[in-house]
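Visitor: Could you pick a hairpin in this model and give me a close look at it, then work outwards to the rest of the fold? I'd like it connected rather than as a list.

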Amino acid sequence: MKDYLASKLRNVAIIGHSGSGKTTLIEAFLYYTNQIEAMGTIENGNCKSDYDSEEKARKKSIYSTLVPIEYNDTKINFIDTPGYLDFEGQYRLGLEVADNALIVVDAKEEIQSGTEKAFLNVRKKQMPSIIFINKIDDENASFDKKYQELRENFGKTIIAFECPIIEDGEVVGSVNILRNKAWYYNNSKQAENVPENLVEKVNEYYDHIAEAISMCDDQLMEKYFAGEKFSPDEVAKGLRLAVRNGEIIPTYCGSATNHTGIRRILDLISEYFPSYAEKGLVEARSEDDDIILLETNENEKLSLFIYKTVIDPFVGKISYFKVMSGSISSDTTVYNVKKDKYEKISQIFVISASKQKAVGKLFTGDLGTCVKLEYTQTNDTLTNRDYILYKDIDFPKPQLAYALWPETKNDEDKMSFAIAKLLEEDKSIKFINNKETHEQVLYVMGAQHLDIILNKLEKKYKVKVKTTVPKIQYRETITASSEAEGKHKKQTGGSGQYGHVKIRFEPCDSEDMVFEQEVFGGAVPRQYFPATESGLREMMVSGTLAGYKVVGVKATLYDGSYHDVDSKEIAFKAAAHLAFKAGIPKCKPVILEPIGKVTVTVNDDYTGTVIGDLNKHRGIIIGMDAINDREQKITALVPMAEMVTYSIDLRSLTQGKGVFEMEFDHYEKTPTNIQDEIIKNSKKWYDNKNG
């Protein structure tokens, strides 16, 4: 593959719903450009971009895969992205590194969640886009129905640039709207006149194109309203402007499986999608957090953005980068801005799916890899010694939690290392060592995401684990006051132990225990105050109802006694333990449950369903705001115990069109019936633990 300057590069994310045919379309591009001899299939597990063993086994894309294609003296870096929600992190990094988007839509299906997400994202990022209505020759497929559905749902910027020719229920060719010519599959090299039954429709589609083009240029607008026809050059000029600024989303149709419509899509990408050079400037931050604008050309200072990391068992760490400005050569020393470290890049590579090829140089806008960087991770910026920092990819926050339990001591020894490597690769997982519950908790995007993580642990790192639902971090507190005493007296020959305290327990608003003393006359010497407080704090770790941490207690040492010889710190600690056990049960203790602030983003069609379901989960709705013309943001306070499997439940309720985030908000008294169940389960767990 030859060198390409920024003006000859197109970085295109292929996005859409899972199963729409994105990976098969990549195969069709490769086949059409003679990079493969035969098209692979997802069913047979031999597609070039779905090369991972997990992808082959599940017959779906899991990772964003880079596949470059050379076409018409242009290098098109296609990024094949997964459509399934569990792999949102890979989807986001693919979309972040792209400058344009190819949205693949299934001609047979209703508007799906992945399709909605694709349109919302390209609109938010103002990304030039093309639609490919795939599987047009499948039974029950309808271009007209799908096209109208897309326009109704996502606006009139969606404009047909071709339509299928159907004879006796079978797609036999297509009409190119711009050229006003028909091509039949059995004679693809010879253009023919548009069939009479399509002339009116084709003229209507052309009017849509002409009107949209006219909005991009004052001269074209005058000509359009004067009823004059545009010349081919004027159409090309207006179309480039319209696609670049989002006034037109060209819509094509075809079949990736039968490789129809492939050439026309490649033509459109190479001719009308903007190159990276056309961005002109790219925004970064300085050390003082000021905006820096860098030119997107080869003469600018070097800056790379690391958008992906892969840990290969044979090669080691592979860092995927985009050349944001300047050019990069092998044997280059670069500065990692975030880590404040220098790295030596010995060799740079271009990559196609799983294959790497060494190259001497890469220019602005291109995508490449390097290996074995010591400090560099995803979201880092590498420069030629200047402080330039690019914005991090906004990875999704995982909400589905599982506690991991190594099966053997050997697994336990290796698990930390393996998890660290997985965290480096996958920024959509989170791992917490919860010292309060003594659990190691993994947060993932969904059940399939978890399954893949567990498979990686076992196959790649030889670590076997079991999973359980994590414990909810309840709290215990008191609602009344009481007084209690604790006396520890032990005589076993020689020096004994003696400690005696009287303590008043009262409710307070503190998250911690508040300790005070009101001892008069030296009943308890001052040197034993810290030991008494320490003894009480030790007991606060485990309450008397269900063994949860105790909060909101004020403990006042007001009396007691001591022995000149036998009193020791350990004795007053023990006396404090006894006072706690005697006094707290008399203070009407209750269990507090953690309440989460939940933000659900959902399609308008499912707002009522989601609100009703949150109410069933004991949630209180505290706000609802429109995000755009299709989505609502619902904010609620919900007990976190009710949200353990909510990510799975929400996906089912909304057909994948809802997402949520949750963060701890406060603690609240648990309803009596639920408190009784918590105490019962805690006693059962304790009994099982002790045989």
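Guide: Let's settle one term before we start: two strands count as paired if DSSP finds at least two bridges between them. Bear in mind, too, that this is a predicted model.

Our hairpin is made of strand 19 and strand 20, with two residues between them. In that turn sits Ala-353, whose phi is positive, about 55°. The two strands run antiparallel, and five bridges join strand 19 to strand 20 (residues 355-359). If you want a spot to zoom in on, try Phe-349, which stands opposite Ala-358 in strand 20.

Now for the side chains. In a regular strand they alternate between the two faces of the sheet. Here Ile-348, Val-350 and Ser-352 point one way from strand 19, while Phe-349 and Ile-351 point the other way, and all are buried. Buried here means under 20% relative accessible area. Since five of the five residues of strand 19 (residues 348-352) are buried, the strand is largely enclosed by the rest of the structure.

Moving out from the hairpin, have a look at an open sheet of four strands, ordered 25-26-24-27 with antiparallel pairing. Strand 25 (430-434) and strand 27 (465-468) are at its edges; each has a single partner strand, so one side of each has no neighbour in the sheet. Ignoring direction, neighbouring strands here are turned by 35° against each other on average. Strand 24 (residues 400-406) pairs with strand 26 (residues 439-444) in the antiparallel sense, over five bridges. Ala-401, for one, has Tyr-443 in strand 26 as its bridge partner. Helix 10 (residues 409-425) packs on this sheet and touches strand 24, strand 25, strand 26 and strand 27, its direction making about 145° with that of strand 24. Helix 11 (residues 447-459) packs on the sheet as well, touching strand 24, strand 26 and strand 27, at about 125° to the direction of strand 26.

There's another open, antiparallel sheet of four strands, this one in the order 7-8-9-10. Its edges are strand 7 (162-167) and strand 10 (187-192), each with a single partner strand, so one side of each is left without a neighbour in the sheet. The twist from one strand to the next averages 30°. Within this sheet, strand 8 (residues 170-176) and strand 9 (residues 181-184) run antiparallel and are joined by four bridges. Val-175 has Ala-182 as its bridge partner in strand 9.

On to the nonpolar interior. The largest core has 98 residues, and Phe-29, Phe-78 and Leu-102 touch the most other members. Helix 6 (residues 199-214) supplies the largest share of this core, seven residues. A second, separate core holds 27 residues, including Ile-503, Leu-536, Met-540 and Phe-572. Back in the largest core, click on Leu-102: leaving aside residues up to four places away in sequence, its contacts include Val-12, Ile-14, Phe-29, Phe-132 and Ile-269.

Finally, the cysteines: the disulfide count comes to zero. Cys-253 is in no disulfide, the nearest cysteine sulfur being that of Cys-163, 7.1 Å away. Cys-253 is buried, at a relative accessible area of 3%. Cys-508 isn't in a disulfide either; its nearest cysteine sulfur belongs to Cys-587, 12 Å away. With 23% relative accessibility, Cys-508 counts as partly exposed.

Notes: Residues are numbered from 1 along each chain as its sequence is written. This is a predicted model: local features need pLDDT of at least 70, side-chain atom pairs count only at pLDDT 80 or more; totals for chains, interfaces and linings use all residues. Side-chain values use heavy atoms; hydrogens and water are left out. A nonpolar core is a set of buried Ala, Val, Leu, Ile, Met, Phe, Trp, Tyr and Cys residues joined through side-chain atoms within 4.5 Å. Buried means under 20% relative accessible area, exposed over 50%, partly exposed in between (1.4 Å probe, protein chains only). Contact means heavy atoms within 4.5 Å. A disulfide is a pair of cysteine sulfur atoms within 2.5 Å. Axes are lines fitted to C-alpha atoms, for helices over the stretch in contact, and angles run from 0 to 180 degrees between N-to-C directions.
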